[in-house]
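Please open the model in your viewer and keep the selection tool at hand. The tour below proceeds stop by stop, from the whole chain to single side chains.

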Amino acid sequence: MSLQTQFRRFHDRIRLKEGDHVLLREQRGWALSLLRRVFDRRFDFFPQGSYAMGTGIRPLQGAYDLDIGVVYHGPRPSDPLELKNYVYDTLIKHIPIIEIHRPCLTFSYQEEGKTGFNVDLAIYSREPTGELYLAMGKPQTPMYFRNWVKSDPKAFIDRVNNHLSGEPQQQFRRVIHYLKRWRDIHFSDITETP
């Protein structure tokens, strides 16, 4: 058996299957519906991360991850935690456990007898010029580690999705899947930095 055949078998075990995609679409729909219901028109939402780029893999522990961009249309506060706290305070009324991490807010959803999922919310502020800035920082982060980072997640998603075509594109995604599983196994106990 060739090495390429073994890699393809391994890939078939870790890649998302059609049932996973259906489940992720339902979960994403639920999360976006909740966000649209509880936030006013100053916020927009868009899918980002591995699902949006077709680079997701089956989770080792059974909980899928969804990444959603939350875009605020208004004056950007000097402290990014101000906007993160506003999103946190709004969502905590609807979701029992939310954590603020440096690059995002995370909540988990688990329904009896169903596969759970984690939602990472990246909080952005849109400038009048259209540029997006990502809110970085968490409550215990010193002020000098709290900042706004210029970001263009949609351009990144487009670049990954349109990189190559045909078999080279499929190989590109397989390599990303392999590296993500390797990371899951070898770096699962890494703690977050400030």
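**The whole chain**

Begin with all atoms shown: of the 194 residues of the chain, 39% count as buried, where buried means under 20% relative accessible area, exposed over 50%, and partly exposed in between (1.4 Å probe, protein chains only). This is a predicted model, in which local features need pLDDT of at least 70 and side-chain atom pairs count only at pLDDT 80 or more, while totals for chains, interfaces and linings use all residues. Residues are numbered from 1 along each chain as its sequence is written, and side-chain values use heavy atoms, with hydrogens and water left out.

Next, switch to a cartoon. The chain contains six helices and seven strands; helices (H or I, at least four residues) and strands (E, at least two) are DSSP runs, numbered from the N terminus. Following the chain from that terminus, one meets the order α-α-β-α-β-α-β-β-β-β-β-α-α. With a radius of gyration of 18 Å, close to the 16 Å that the globule rule gives for 194 residues, the chain is as compact as a globular protein of that length. The radius is taken over C-alpha atoms, and the rule is 2.2 Å times the number of residues to the power 0.38. Along the principal axes, the C-alpha atoms fill a box of roughly 60 × 40 × 30 Å.

How much of the contact pattern joins residues 24 or more positions apart? Such residues account for 65% of the contacts in the chain with a separation of 6 or more, a contact being heavy atoms within 4.5 Å.

Now show the surface. The accessible surface of the chain comes to about 11,500 Å², and 54% of it belongs to carbon and sulfur atoms; these areas come from the Shrake-Rupley method with a 1.4 Å probe, and for residues only the protein chains shown count as cover.

**First stop: Arg58**

Select Arg58, in the loop between α3 (50-53) and β2 (64-72). Arg58 counts as partly exposed, at 31% relative accessibility. Then add His177: the two residues are 119 residues apart in sequence, yet 9.5 Å apart in space, C-alpha to C-alpha. Not counting residues up to four places away in sequence, Arg58 touches Arg13, Ile14, Arg15, Leu16, Lys17, Asp20, Tyr64 and Arg181.

**Second stop: His73**

Move to His73, in the loop between β2 and α4. His73 is partly exposed, with a relative accessible area of 28%. Which residues does His73 contact, leaving aside its neighbours within four places in sequence? They are Arg42, Phe43, Asp44 and Arg126. The last of these, Arg126, is 53 residues from His73 along the chain, while 5.5 Å separates their C-alpha atoms.

**Third stop: the salt bridges**

Side chains of opposite charge can pair when their charged atoms come close. A search of the whole structure finds eleven salt bridges, each defined as a side-chain nitrogen of Lys or Arg within 4 Å of a carboxyl oxygen of Asp or Glu.

Select Arg146 and Asp79 to see one of them, at 2.8 Å from N to O. Arg146 lies in the loop between β6 (132-136) and β7 (147-151) and Asp79 in the loop between β2 and α4 (80-91), so this pair ties together parts that are 67 residues apart in sequence. Are these partners buried or exposed? Arg146 counts as buried at 18% relative accessibility, and Asp79 is buried with 17%.

Continue to Glu131 and Lys150, whose side chains meet in a salt bridge of 2.8 Å, N to O. Glu131 is in the loop between β5 (117-126) and β6, and Lys150 is in strand β7, 19 residues apart. Glu131 counts as partly exposed at 31% relative accessibility, whereas Lys150 counts as exposed at 53%.

Arg25 and Glu18 form another salt bridge, with the closest N and O atoms 3.3 Å apart. Here Arg25 is partly exposed at 39% relative accessibility and Glu18 is exposed at 53%. Finally, select Arg8, Glu167 and Arg174 together, which are linked in a network of salt bridges.

**Last stop: Leu164**

Most residues other than glycine have a negative phi. Select Leu164, which is not a glycine but has a positive phi of about 65°. Leu164 sits in the loop between α5 (153-161) and α6 (166-186) and is partly exposed, with a relative accessible area of 42%.
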